[in-house]
Structures are given as structure tokens and as C-alpha cells.
Amino acid sequence: MVLSSPQTDGLVVMTPSFRARPLLPLLESAVLSRVSVMGLLPRRGVKTEVPAPQPSPQGGVEVLGCSYPWDDHTNVTAKILSKVGRNLHNQAHHPLWLLKERVKAHFYRTYTGRRRNPIFSVFDNLSPVVSVEQNFDSLLIPPDHPSRETGDSYYLNRTHMLRAHTSAHQRDLVRSGLDAFLLAGDVYRRDEIDASHYPVFHQMEGVRLLSETQLFSGSERAGPMSLFEKGGQRTPQKQETHSLHAVRLVETDLKQCLTSLVTHLFGEDLEIRWVECYFPFTHPSFEMEVRFQGDWLEVLGCGVMEQQLLNSAGAEHKMGWAFGLGLERLAMVLYGIPDIRLFWSEDERFLKQFLLPHIDQAVTFQPLSKYPALLNDISFWLPSGAYSENDFYDLVRSIGGDLVEKVSLVDLFIHPKTKKASHCYRIAYRHMERTLSQEEVRVVHRAIERAVEQELGVQGSMFPYALSHAPTPQRVPLIQRLCRMTQLQRFRTARAMRVI
């Protein structure tokens with residue numbers, strides 16, 4: 001709500017549980033001054049980070065002690081590179097570590113050999129830097145698949161990238177002779193910003209290969225049975241080389257395995273459903289969804305492995321299934337963690353809650369405190385060339401870091417004459433450990449505004465433009481009106497006042 005205050009002779013913002021703060025001096029200094037972003041000093045220890053400059057063609061990108069030559073595909077940011085090597089899934093008593101250990105323990109108990117030794121091998125320390133061929137080609141992901149675009153994945157250069165899924169190691173491990181393995185690690189994707197999405201998260205991959213003898217050993221079907229058939233056709237139920245009976249047995253084994261796992265983790269009362277989906281490296285493919293806070297939340301994907309993938313890895317006489325689950329998604333449900341940013345917290349009040357005597361001990365996250373969010377809008381005209389929302393999200397993360405809780409597109413305006421498009425985004429700022437002030441958030445937000453113009457080639461917000469060109473007597477009423485308006489209303493008001 002916007003109110004006038006006699007103490008400040010200007011505009012103040014009032015929100016529940018907040019004290020009033022003068023807004024007009026902040027707006028005018030942010031809009032009218034020509035002070036550089038680096039000259040704006042944050043308060044109370046909030047750091048603003050300008051995007052790291054692109055490495056020079058003579059230099060390279062340094063990751064885990066190795067240098068990768070820069071080229072036109074390089075889009076990884078300093079903020080993302082700072083997360084490489086953190087390995088939260090290997091940090092003892094971290095909630096992701098607890099969940100990984102529980103999954104391992106379940107597979108160790110459930111799948112054993114003749115001598116009661118576990119048949120699943122575990123890999124949780126493989127480098128997240130992989131080749132593009134490993135991440136895409138080895139998994140039969142077509143050249144025109146959207147996930148290959150620089151707007152979706154983090155590239156070090158044209159040949160190397162930060163893995164987008166743990167499946168990038170799947171073919172290599174099968175080729176090494178393994179028939180059953182689990183793989184855990186950090187993965188990287190350019191994504192939207194909200195409480196359940198983060199550009200770095202952790203996956204756990206599982207693969208099991210079955211020979212004809214293993215698959216049909218318990219089958220009661222009479223007559224000869226085979227994994228494969230000649231002259232078959234691909235249908236929604238199977239691949240062209242697989243027999244339908246074999247596919248159904250593999251699918252049943254897969255779903256029983258994952259249902260048993262999730263039931264072990266969450267108990268018998270958890271609601272589960274299977275949804276048919278598409279993955280380039282499995283067919284048929286499924287997603288498992290669980291009921292969380294009244295909504296269905298997708299927690300893992302799985303399916304019957306593409307035979308072409310197995311053939312390329314030297315396992316042409318076997319069939320297999322694979323799954324990949326998001327450790328953060330499962331941990332949020334299991335431990336009641338409301339925000340994915342909390343997994344990166346180094347606050348002892350968070351970490352001590354998971355210092356358990358046994359990995360299977362039940363624990364429910366207790367909020368550190370309910371700190372309120374501060375909302376700030378940013379609007380701009382899109383450039384005439386290509387524009388990617390993920391580029392904008394990456395820029396916001398690079399500068400705002402984990403202060404940014406959510407970014408939402410709240411308004412879209414198309415100019416009736418020029419047909420130029422304008423976006424208005426609402427950025428929610430919330431500190432996980434204390435209350436933010438509007439003054440310090442304004443420093444970060446202004447840094448984002450400047451960086452968006454410089455890095456993405458957009459034209460600045462109509463709001464500050466209108467303010468900077470409005471006659472002094474009109475500024476306060478103009479601010480009062482613009483604060484209540486949609487993007488379209490802002491444009492029409494500014495135009496009517498001959499400001500733009």
C-alpha cells in the first residue's frame with residue numbers, strides 16, 4: 001500500500017510487520033543519479049555481485065584445477081562455478097547426504113548376491129565436467145533437442161560442459177562391465193527461479209541390467225522366451241527389438257524397486273502415481289509423482305533403457321532399466337524443507353537439525369524464522385534480437401545470489417504501433433537467516449537493472465524513464481500512480497503526460 005507521510009514529505013512503503021521507510025529519496029537517487037553500480041555501497045553486509053566478465057579468447061575457464069578454452073558457447077557464470085566442488089551430497093549429516101545414504105542402504109539390503117554381498121556399486125565423486133558427447137550423444141539425445149541450447153545448459157565451451165544429469169556417465173559405467181550401479185552427483189541447468197528450482201541440484205542415478213536367465217528365472221510362462229524379437233515394431237509399449245513379455249517384466253521389476261524405495265523412505269501412507277512420459281534414452285518411460293502439500297510433485301524419472309545405448313556400451317545381450325531422482329525434491333518432502341536455497345545454508349541452526357545418531361531417524365525441519373519477503377519490479381523493452389528468459393534469470397542470480405527467492409513474469413505489453421514487447425518481472429527478495437531492509441534490497445535491485453541493460457541489450461524500464469523525464473512537480477503524483485499500475489497502464493499514463 002502506498003501512503004503519504006508528513007515526516008518525510010514524500011512517499012513511503014507500508015507492508016505488514018514492516019516499519020515505514022521513505023521511498024522517494026531512494027527512487028530519485030536510483031533513477032536520476034549517474035553513480036556506478038560499484039559506487040553503491042550495500043548495508044548490513046549484503047554483497048552485490050556484478051556478472052563476471054567473459055574470459056578472453058586467450059584465457060580459459062578454470063574448473064577443478066583444469067582449464068577449458070573459451071569460445072562462443074561459454075556461458076557458465078562465476079556464481080555457478082563457485083558451487084562446483086561443494087558436493088553437498090558428500091557432506092556428513094547434510095540432509096542430501098542423509099537421503100543418499102538411506103537410498104544406498106536400501107539397495108544394499110534389497111539386492112544381494114549369493115554370498116549376501118551387495119550387487120550395486122556406488123559412485124558419488126565423479127567430476128561434473130563432462131563432454132558434450134557424454135551428456136547428449138551417448139544418451140541418444142537428438143541434435144535439435146531443446147536441452148542442448150545454451151539457454152538450457154551450462155557450457156564451458158563447445159566440447160565440454162557441466163553435466164545436466166548424472167546419466168552422462170551411464171554409458172561409460174556400463175561399458176566398464178557393471179550390471180548394477182548407483183551414481184550420485186551435482187548437476188547444472190539454467191532454470192526458472194522459485195522455491196523448488198535452483199541452477200545446481202543433486203541427482204541419484206540407478207541402472208540395472210538383466211540377462212535372459214535373470215529376467216525369466218521366475219516366470220511361469222510355458223515355452224521358449226526371449227529378450228528380443230526380429231522384425232518387431234516400436235509401439236508405445238515397447239521398442240522394436242524387445243519382446244513385449246520381456247518389456248513387461250523389466251517394467252514391473254523397475255516399478256517394484258522404486259515403489260519399495262519410496263515406501264521405505266516415506267512410509268506406507270505416501271500417495272504415489274505413475275505418469276507416462278518421454279525421455280530420449282528410455283522407452284517406455286515414466287515419472288513418479290508423490291503428493292506433497294496438496295499438490296503432485298514429480299520426484300523421479302525412469303524407464304526401460306534404449307537398446308541402442310546398451311549396444312553401444314557392449315551390453316547387447318541384456319536389457320536394463322534406469323532411473324534418476326532429484327535428491328532435493330525428495331528431501332523437501334521427506335524433511336519438510338520449504339525452500340531449495342536452504343540446502344546451501346551454512347547456518348548451524350539448519351545443519352544441526354540433521355545431526356542424527358542414525359540415518360533412518362525421523363526428523364522434520366524446524367524453520368529458523370519466518371522472515372518476510374520484499375517485492376521489487378523491473379520492466380524493460382525486449383531487444384530486437386534474440387532474448388532468453390533464462391539469460392535474465394542467470395543475471396539475477398549472479399547479482400542477487402541466494403537473496404532472490406522467486407522471479408515471476410507479471411506483465412507483458414506489446415506496443416500497438418511499434419509492436420515492441422515489454423516484460424515486467426516481480427523479484428521476491430528474502431534472506432534465509434534475517435530480515436532484509438528495503439534500502440539494501442534497492443542496492444541489489446538497482447545493480448540488476450543496470451546489468452540487464454548492459455548485458456542483455458534491453459531498453460531500460462519505463463518506470464525510471466518516466467520519472468527521470470517528468471517535471472519536478474509531477475514526480476510524486478506520477479510515482480503514486482505508477483506504483484499501482486500494470487505495465488500497460490504505466491505506458492499509457494507516461495505517454496499521456498508527454499513523458500515518453
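Look at helix α9 in this predicted model: L327, E328, R329, L330, A331, M332, V333, L334 and Y335 are buried there. That makes nine of the nine residues in α9 (residues 327–335), so the helix is mostly covered. What do the buried residues of α9 pack against? They pack against helices α3 (95–110) and α7 (244–266), together with strands β10, β12 (282–292), β13 (295–305) and β14 (319–326). Just after α9 comes G336, with a positive phi of about 70°.

Now move to strand β17, residues 421–429. Eight of its nine residues are buried, so this strand is largely enclosed by the rest of the structure. Who are its partners? Strand β15 (residues 374–381) runs antiparallel to β17, and eight bridges join the two. If you want a spot to look at, find I378, which stands opposite Y425 in β17. Strand β16 (residues 404–414) also pairs with β17 in the antiparallel sense, over nine bridges. Here K406 has A428 of β17 as its bridge partner. The hairpin of β16 and β17 has six residues between the strands, and K419 takes a positive phi near 65° in it.

Keep K406 in mind, and go to D194, in the loop between β9 (180–188) and β10 (200–210). Which side chain of opposite charge is nearest to D194? It's K406, but at 6.0 Å away; D194 is buried and has no salt bridge. A salt bridge would need the atoms to be within 4 Å, so that distance is too long. D194 does have polar company, though. Its side chain makes a polar contact of 2.8 Å with the side chain of H197, and one of its side-chain polar atoms lies 3.0 Å from the backbone nitrogen of S196. Leaving aside neighbours within four places in sequence, D194 is in contact with I340, E405 and K406.

E405 does have a salt bridge: its partner is R341, with the closest N and O atoms 3.5 Å apart. E405 lies in strand β16 and R341 in the loop between α9 and α10, so the pair ties together parts that are 64 residues apart in sequence. Both E405 and R341 are buried.

How many salt bridges does a search of the whole structure find? The count is 27. One of them joins D394 and R190, whose closest N and O atoms are 3.1 Å apart. D394 sits in helix α11 (residues 389–400) and R190 in the loop between β9 and β10, 204 residues apart. With a relative accessible area of 8%, D394 is buried, and R190 is buried at 7%. K318 and D179 form another salt bridge, at 2.7 Å between the closest N and O atoms. These two are 139 residues apart along the chain. K318 counts as partly exposed, at 24% relative accessibility, and so does D179, at 30%.

One more stop is Y371, in the loop between α10 (348–351) and β15. Is Y371 buried or exposed? At 13% relative accessibility, it counts as buried. The C-alpha atoms of Y371 and T435 are separated by 5.4 Å, although the two are 64 residues apart along the chain.

Finally, how confident is the predictor? The chain's mean pLDDT is 80, and 78% of the residues reach 70 or more. Over residues 1–57, however, the pLDDT is below 50, and the stretch 462–472 is also below 50. Where pLDDT is low, the predicted coordinates should not be read in detail.

Notes: Residues are numbered from 1 along each chain as its sequence is written. Side-chain values use heavy atoms; hydrogens and water are left out. Helices (H or I, at least four residues) and strands (E, at least two) are DSSP runs, numbered from the N terminus. Buried means under 20% relative accessible area, exposed over 50%, partly exposed in between (1.4 Å probe, protein chains only). Lys and Arg count as positive and Asp and Glu as negative; His and the chain ends are not counted. A polar contact is a pair of N or O atoms within 3.5 Å; within protein, one must be able to donate a hydrogen and the other to accept it, and residues adjacent in sequence count only if both atoms are side-chain atoms. Contact means heavy atoms within 4.5 Å. Two strands pair if DSSP finds at least two bridges between them. pLDDT is the predictor's confidence in each residue, from 0 to 100.
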